[in-house]
Amino acid sequence: GHHGITVRELKDAQNYLIGHMALELEDSFSQANWFAEKYIFAPKIEDYKAVVKKIKKVSVQQINRLAREFFKPEQLRAAAIGPFTKDQFLGMLGVQ
């Protein structure tokens with residue numbers, strides 16, 4: 001089975017998120033929206049650099065621990081439509 005994410009996967013996700021945020025904040029309307037959203041929904045307002053710093057501090061161990069906490073195999077549900085049996089479906093999921 002899969003034993004969590006790799007350092008490379010984490011770095012790719014962090015870079016994607018940071019880059020996406022940077023592109024979203026290119027115009028003044030988006031920046032105003034960013035700060036308004038933080039003001040309404042966040043416990044405190046943080047600027048882009050502070051958020052980037054927090055994103056970069058996330059570790060592989062933290063992600064893997066949270067993944068184990070939230071994605072418990074005995075609690076997962078799946079549905080599919082197709083010409084296959086229950087055993088075939090479970091085999092595709094690697095659950096048998």
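In the predicted model described here, a polar atom of the Q14 side chain lies 3.3 Å from the backbone oxygen of V58. This pair is a polar contact, a term that denotes two N or O atoms within 3.5 Å; within protein, one must be able to donate a hydrogen and the other to accept it, and residues adjacent in sequence count only if both atoms are side-chain atoms. The model is predicted, so that local features need pLDDT of at least 70 and side-chain atom pairs count only at pLDDT 80 or more, while totals for chains, interfaces and linings use all residues. Residues are numbered from 1 along each chain as its sequence is written, and side-chain values use heavy atoms, with hydrogens and water left out.

Q14 belongs to helix 1; helices (H or I, at least four residues) and strands (E, at least two) are DSSP runs, numbered from the N terminus. With a relative accessibility of 6%, Q14 counts as buried, where buried means under 20% relative accessible area, exposed means over 50%, and partly exposed lies in between (1.4 Å probe, protein chains only). When residues up to four places away in sequence are not counted, Q14 touches I55, K56 and V58, contact being defined as heavy atoms within 4.5 Å. Seen from the other side, and with the same exclusion of residues up to four places away, I55 touches Q14, L17, I18 and M21.

I55 is also one of the seven residues of the largest nonpolar core, together with I18, M21, L25, W34, V51 and V52. Such a core is a set of buried Ala, Val, Leu, Ile, Met, Phe, Trp, Tyr and Cys residues joined through side-chain atoms within 4.5 Å. Two elements, helix 1 (7-24) and helix 3 (48-57), each give two or more residues to this core. The largest share, three residues, comes from helix 3.

Salt bridges were considered next. A salt bridge requires a side-chain nitrogen of Lys or Arg within 4 Å of a carboxyl oxygen of Asp or Glu, and by this rule the count comes to two. One of them joins R8 to D12, with the closest N and O atoms 2.7 Å apart. Both residues lie in helix 1, four residues apart, which is about one turn of the helix. R8 is exposed, at a relative accessible area of 56%, whereas D12 is partly exposed at 37%. In the other, the side chains of K54 and E46 meet at 2.9 Å, N to O. Here K54 is partly exposed, with a relative accessible area of 48%, and E46 is buried, with a value of 16%. D12 and E46 are 34 residues apart along the chain, and their C-alpha atoms are separated by 23 Å.

The loop between helix 2 and helix 3 contains D47, which counts as partly exposed at 40% relative accessibility. A polar atom of the D47 side chain lies 2.9 Å from the backbone nitrogen of A50. Leaving aside residues up to four places away in sequence, D47 touches W34 and F35. The C-alpha atoms of D47 and Q31 are 9.8 Å apart in space, although these residues are 16 apart in sequence.

The loop between helix 2 (28-41) and helix 3 also holds I45, a partly exposed residue with a relative accessible area of 45%. I45 joins F35, Y39, I40 and F41 in a nonpolar patch on the surface, and together these residues have about 630 Å² of accessible area. Patches are made of residues with over 30% relative accessible area and no salt bridge, like charges being joined within 9 Å and nonpolar side chains (Val, Leu, Ile, Met, Phe, Trp, Tyr) within 5 Å. Accessible areas come from the Shrake-Rupley method with a 1.4 Å probe, and for residues only the protein chains shown count as cover.

A further polar contact involves helix 4 (residues 60-70), in which N64 is found. N64 counts as buried, at 13% relative accessibility. A polar atom of the N64 side chain lies 2.8 Å from the backbone nitrogen of I5. The residues that N64 touches, not counting those up to four places away in sequence, are H3, G4 and I5.
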